[in-house]
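Dear colleague,

I am passing a structure on to you, together with some notes on what I found in it. Please look through it first and then read on.

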Amino acid sequence: MQELFLLFMAASITNNFVLMQFLGICPFLGVSKEVPTAFSMGLATTFVMVTSAVVTWLVETVILVPLGIEYLQYIAFILVISSFVQLTELFVKKVSPPLYKALGIFLPLITTNCAILGLALLISMEGYGFIQSAVFGLGAGVGFTIAIVLMAGIRERLEFADVPKPLKGAPITLLVAGIMALAFTGLAM
Amino acid sequence: MEIISFASAVAGLGILGIIFGTGLAYASVKFAVEEDPKKIEIDEALPGANCGACGFAGCSSYAEAVAKGEEGIDSCPVGGEELIEKIADIMGVAASSSDEKKTAKVLCQGGNQETFNKAEYQGVPSCQAASMVDNFKSCQYGCLGFGDCAAVCDFDAIVMNDNGLPEIDPDKCAECGVCVTECPRSLIEIVSSNEDVITNCKSALKGKEVKVVCEKGCFGCTICAKKCPVDAIEMEDNLPVVDTEGCIGCGVCVKNCPTDAFVEVDF
């Protein structure tokens with residue numbers, strides 16, 4: 001139990017996917033303008049991460065390894081991920097059309113979010129079990145949500161800050177991301 | 001050995017594909033976004049030409065607005081009375097019928113017989129193209145006669161007659177206004193049956209200048225304005241403009257017009 005908790009904390013905080021491993025930067029910068037949207041994006045990504053972690057684990061152990069086709073890992077994983085992104089998209093469209101509009105292109109782009117493929121590959125590399133994979137996936141998702149919501153909170157305040165003109169927009173956002181990553185490095189020490 | 005690994009690769013990914021495909025197919029039915037059944041019915045009743053005359057992006061978006069109650073049921077000019085009744089049935093409201101009919105009308109009588117060509121045009125046979133070059137027709141305001149309007153009409157309401165002028169069938173015309181914008185000389189207007197008389201000429205020239213270039217053109221004699229018993233006609237750019245509110249439809253102007261440029265609305 002303690003081991004699982006540590007795994008969760010490692011995935012979400014100390015080895016945060018976005019700020020420590022620099023995966024999934026695209027939505028991290030793209031959908032972090034407002035806290036509510038960022039939070040929803042975090043939830044959607046978390047859902048895809050948990051389900052993908054579990055299902056890729058199943059696919060790996062039940063299909064790829066017994067058939068001896070581990071070399072098709074990437075293709076199989078991407079198939080799983082894109083299917084679940086499609087599912088999430090259908091779900092969000094049904095449940096919350098405004099959110100569907102707010103997320104826009106970034107919703108289908110979860111498919112190409114490297115954090116998710118990275119997650120699946122890390123699970124395979126580390127040789128995690130079924131429960132461990134699920135917890136690791138949840139941790140990664142929560143970590144992504146924390147990072148993106150923090151970023152959105154900071155950017156909301158930056159709107160009113162006196163940012164030097166050349167740094168307005170993307171530069172200050174990247175600087176903030178760097179400083180956040182530094183802070184997270186401190187947590188890992 | 002190679003065949004086996006090949007087969008297992010195909011089988012493995014094939015199975016995955018089938019599983020996820022079925023799952024997604026199921027989900028797309030389960031999570032299908034339900035649309036207002038009224039919207040679907042209205043959408044089916046609408047003509048489906050997506051002409052945009054209602055002011056919406058297409059029939060479907062108009063149907064949605066009607067179903068939500070944001071838009072009146074009579075905004076589709078194409079469907080006419082019949083459609084309004086259908087939508088009224090679907091929405092459960094009473095159709096407010098009006099006797100007003102509208103149609104597009106070509107406001108030019110200068111065909112091949114009435115006018116002449118002062119130069120020969122050998123370019124692309126379209127009004128848009130011909131209007132780019134200097135005027136070849138005697139009347140610089142008149143119909144160029146290449147039938148751009150007839151070509152652009154979605155409802156086959158416009159045919160070019162023997163005299164080289166477009167004729168619009170009021171029954172077929174859906175007053176969508178496509179021809180109005182298409183005509184490079186702005187000769188087509190949507191006229192209402194509420195109007196009694198219209199000026200069938202667009203020439204801003206005066207007197208002899210008109211007489212020379214067209215037999216039926218209005219040359220701004222102002223007889224109609226003077227004879228009108230209720231003073232509903234005013235001259236503007238050498239053309240009579242009828243005040244629809246004031247006009248009593250007596251027809252004095254039409255009878256007295258020396259060139260037949262004034263006509264009664266008769267549809």
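Two residues are said here to be in contact, or to touch, if their C-beta atoms, placed from the backbone, lie within 7 Å. This is a predicted model, in which local features need pLDDT of at least 70 and side-chain atom pairs count only at pLDDT 80 or more, while totals for chains, interfaces and linings use all residues. Residues are numbered from 1 along each chain as its sequence is written, and chains are lettered from A and ligands numbered from 1 in the order in which they are written.

With that in hand, consider E34(A), which lies in the loop between α2 (25-30) and α3 of chain A; helices (H or I, at least four residues) and strands (E, at least two) are DSSP runs, numbered from the N terminus. Leaving out residues up to four places away in sequence, E34(A) touches A152(A) and E156(A). E34(A) is also 9.8 Å from I148(A), C-alpha to C-alpha, although the two are 114 residues apart in sequence. E34(A) counts as partly exposed because 15 other C-beta atoms lie within 10 Å, where 20 or more would make a residue buried and 12 or fewer exposed.

I148(A) leads on to the largest nonpolar core (a set of buried Ala, Val, Leu, Ile, Met, Phe, Trp, Tyr and Cys residues joined through C-beta atoms within 7 Å). This core has 50 residues, and those with the most contacts inside it are I116(A), L119(A) and I148(A). Among the elements that give it two or more residues are α3 (35-67), α6 (114-126) and α7 (130-158) of chain A, and α3(A) gives the most, with 11 residues. Apart from it lies another core, of 43 residues, including Y141(B), C149(B), V210(B) and I233(B).

I233(B) also has a place in a strand pairing, since its bridge partner in β7(B) is V242(B). Strands β6 (residues 233-236) and β7 (residues 239-242) of chain B run antiparallel and are joined by four bridges, where at least two DSSP bridges are needed for a pair. The two strands form a hairpin with two residues between them, and D237(B) in the turn has a positive phi of about 50 degrees.

As for confidence, the mean pLDDT (the predictor's confidence in each residue, from 0 to 100) of chain B is 82, and 95% of its residues reach 70 or more. The model scores ipTM 0.71 and pTM 0.50.

Best wishes
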